[in-house]
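User: I should like to learn how to read the features of a protein model one by one. Please take me through this one.

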Amino acid sequence: MKKKLVDILNDALAGKQCKHQNEHYREVTLEIESVRADSRHVQVTPDTQANDWYGESYTDRSIEVTFVDGSKKKFEIDSEIDIIS
């Protein structure tokens, strides 16, 4: 059986309590509803003939956690998540 990593994370974290700082900089404990992967490609310099049509770029990967109250929090791929139970 093959599963995507984000599906494994979702199965493991859904229903767990997570302590984090919300958008109002308050520490809250909320139940996780779902987890999804988020990827964003950022072009730093334009593709030009001078750089052989390959400008500098990077991909920002993170995990977006949705809580039961509808709020969302983005965690970087290597950040720590405080799971209570």
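User: Let us begin with the salt bridges. Which residue forms a salt bridge with K74, and at what N to O distance?

Analyst: This is a predicted model. The side chain of K74 meets that of D38 in a salt bridge, with 2.5 Å from N to O. D38 belongs to strand β2 and K74 to strand β4, so the pair ties together parts that are 36 residues apart in sequence.

User: Are D38 and K74 buried or exposed?

Analyst: The cut-off matters here: a residue is buried under 20% relative accessible area and exposed over 50%. D38 has 18% relative accessibility and therefore counts as buried. K74, at 43%, counts as partly exposed.

User: How many salt bridges does the structure hold?

Analyst: There are four salt bridges. One of them joins the side chains of R36 and E64, with an N to O distance of 3.0 Å. Since R36 lies in strand β2 and E64 in strand β3, this pair ties together parts 28 residues apart in sequence. R36 counts as partly exposed because its relative accessibility is 41%, while E64, at 12%, counts as buried.

User: What salt bridge does D60 form?

Analyst: D60 forms a salt bridge with R40, and their closest N and O atoms are 3.4 Å apart. This pair links distant parts of the chain, with D60 in strand β3 and R40 in strand β2, 20 residues apart. R40 has 46% relative accessibility and so counts as partly exposed.

User: These pairs refer to several strands. In what order do the strands lie in the sheet?

Analyst: As a general idea, strands of a sheet pair through backbone hydrogen bonds, either parallel or antiparallel. In this model, five strands form an open sheet in the order β4-β3-β2-β1-β5, with antiparallel pairing. β4 and β5 are the edge strands, each pairing on one side only. Helix α1 (residues 5-13) packs on the sheet and touches β2, β3 and β5; the direction of α1 makes about 170 degrees with that of β2.

User: How many bridges join β2 and β3?

Analyst: β2 and β3 pair over 11 bridges in the antiparallel sense, and S39 stands opposite R61 in β3. β3 and β4 pair over five bridges, again described as antiparallel, and here V65 stands opposite K73 in β4.

User: What should one look for in the hairpin of β3 and β4?

Analyst: The turn is a good place to inspect backbone angles. Four residues lie between β3 and β4, and G70 in the turn has a positive phi of about 95 degrees. S71 is also found in the loop between these strands. The side chain of S71 makes a polar contact of 2.7 Å with that of D69. Neighbours within four places in sequence aside, S71 is in contact with L30, V65 and T66. S71 counts as buried because its relative accessibility is 18%.

User: Which residues of strand β1 are on the covered face, and which on the uncovered one?

Analyst: In a regular strand the side chains alternate between the two faces of the sheet. Strand β1 (residues 17-21) has C18 and H20 on its covered face, and Q17, K19 and Q21 on its uncovered face.

User: With which strands does β1 pair, and over how many bridges?

Analyst: β1 pairs with strand β2 (residues 27-43) in the antiparallel sense over five bridges, and with strand β5 (residues 82-83), likewise antiparallel, over two bridges. C18 has a bridge partner in each of these strands: L30 in β2 and I83 in β5. K19 stands opposite D82 in β5. The hairpin of β1 and β2 has five residues between the strands, and there Y25 takes a positive phi near 60 degrees.

User: Finally, which residues make up the largest nonpolar core?

Analyst: The largest nonpolar core has nine residues: L13, C18, L30, I32, V35, I63, V65, F67 and F75. β2 and β3 are the elements that give two or more residues to this core. Not counting residues up to four places away in sequence, L13 touches I32, V35 and I83.

Key. Residues numbered from 1 in each chain as written. Predicted model: local features only at pLDDT ≥ 70, side-chain atom pairs only at ≥ 80, totals over all residues. Heavy atoms only, no water. Buried < 20%, exposed > 50% of the residue type's maximum accessible area, 1.4 Å probe, protein only. Polar contact = N/O pair within 3.5 Å; in protein donor to acceptor, adjacent residues only side chain to side chain. Contact = heavy atoms within 4.5 Å. Pairing = 2+ DSSP bridges. Core = buried A, V, L, I, M, F, W, Y, C linked by side-chain atoms within 4.5 Å. Axes fitted to C-alpha atoms, helices over the stretch in contact; angles between N-to-C directions.
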